[in-house]
Amino acid sequence: VSASAEDGFVPLFNGKDLAGWDGDPKLWKVVDGEVVGTNPAPDAMANNSFLIWRGGVLKDFELRATVRVEGDNNSGVQYRSRELPEVAPWVITGYQCDIHPAIEHTGMTYEEKGRGIFGLNGKNVMLDPDGALWQLSEHEPVKVDVSQWNEYTVIAKGNHLIHKINGQITSELIDYDEKKRALEGLLAIQLHRGN
């Protein structure tokens, strides 16, 4: 993950160390100005583990992160999330912008340890007040090679969530499910268990 200051944007990573972030020190480090999360072996982690930003609770925001994934696995930008200390340290639940080698999954709207997949890449969806999922529109999925550097954008305004890759909208979610939605929470980066 790299950051640059633009109009109205504040870098969340200083380019040197993990100051302001909290994660398992065995899994996360800074190498050549980049945040690197490494899963050492397929069975090394019992749960997905997260690098959590400790700078505050986010409500409405726009986040831009430049990310790549090496190897046969996936990652994601977690937001408006909450910790699950009863499961394990650095485990959280909440909305996620997926970073996944399968085109339909990359940039999708998803809820980690929650309601699951909402809108695949190319689908704009709504959750109604009863939690039923409705597809509002469909477009050509944004094609991307996640092993290369790509810019992921998350825009959260009230109950309207927008995910983009390289400036193109992958998925939108409008969440009217007041019992289960989150309007604020933590920001984190996912390190996926498995491969």
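The following questions and answers examine how terms are applied in this predicted model.

In this predicted model, local features need pLDDT of at least 70 and side-chain atom pairs count only at pLDDT 80 or more, while totals for chains, interfaces and linings use all residues. Residues are numbered from 1 along each chain as its sequence is written, and side-chain values use heavy atoms, with hydrogens and water left out.

Q: What makes N150 a buried residue?
A: Buried means under 20% relative accessible area, exposed over 50%, and partly exposed in between (1.4 Å probe, protein chains only). N150 has a relative accessible area of 7% and is therefore buried.

Q: Where is N150 found?
A: N150 is found in strand 12; strands (E, at least two residues) are DSSP runs, numbered from the N terminus.

Q: Why is the pair N150 and N166 called a polar contact?
A: A polar contact is a pair of N or O atoms within 3.5 Å; within protein, one must be able to donate a hydrogen and the other to accept it, and residues adjacent in sequence count only if both atoms are side-chain atoms. The side chains of N150 and N166 are joined at 2.9 Å, so the pair meets the distance limit. In addition, the backbone oxygen of Q148 lies 2.9 Å from a polar atom of the side chain of N150.

Q: Which residues are in contact with N150, leaving aside its neighbours within four places in sequence?
A: Contact means heavy atoms within 4.5 Å. On that basis N150 is in contact with A65, T66, V67, V144, D145, I165 and N166.

Q: Why is the pair R80 and D60 called a salt bridge?
A: A salt bridge is a side-chain nitrogen of Lys or Arg within 4 Å of a carboxyl oxygen of Asp or Glu. The side chains of R80 and D60 meet at 3.0 Å, N to O, and the pair therefore qualifies. R80 lies in strand 6 and D60 in the loop between strand 4 and strand 5, so the pair ties together parts that are 20 residues apart in sequence. R80 is buried, with a relative accessible area of 3%.

Q: How do you know that E62 and R64 are partly exposed?
A: E62 has a relative accessible area of 33% and R64 is at 31%; both values fall between the two cut-offs, so both residues count as partly exposed. Their side chains meet in a salt bridge of 3.0 Å, N to O.

Q: What sets R115 and D177 apart in burial?
A: At 22% relative accessibility, R115 counts as partly exposed, whereas D177, at 5%, is buried. The side chains of R115 and D177 meet in a salt bridge of 3.4 Å, N to O. E111, R115, D175 and D177 are linked in a network of salt bridges.

Q: Why is one side of strand 5 and of strand 11 left without a neighbour in the sheet?
A: Six strands form an open sheet of mixed pairing in the order 5-12-13-14-10-11, where two strands pair if DSSP finds at least two bridges between them. Strand 5 and strand 11 (133–138) stand at the edges with a single partner strand each, so one side of each lacks a neighbour in the sheet.

Q: How do you know that strand 10 and strand 11 pair?
A: Strand 10 and strand 11 share five bridges in the antiparallel sense, so the requirement for pairing is met. The bridge partner of L127 in strand 11 is L133.

How values were computed:
Helix = DSSP H or I, 4+ residues; strand = E, 2+ residues; numbered from the N terminus.
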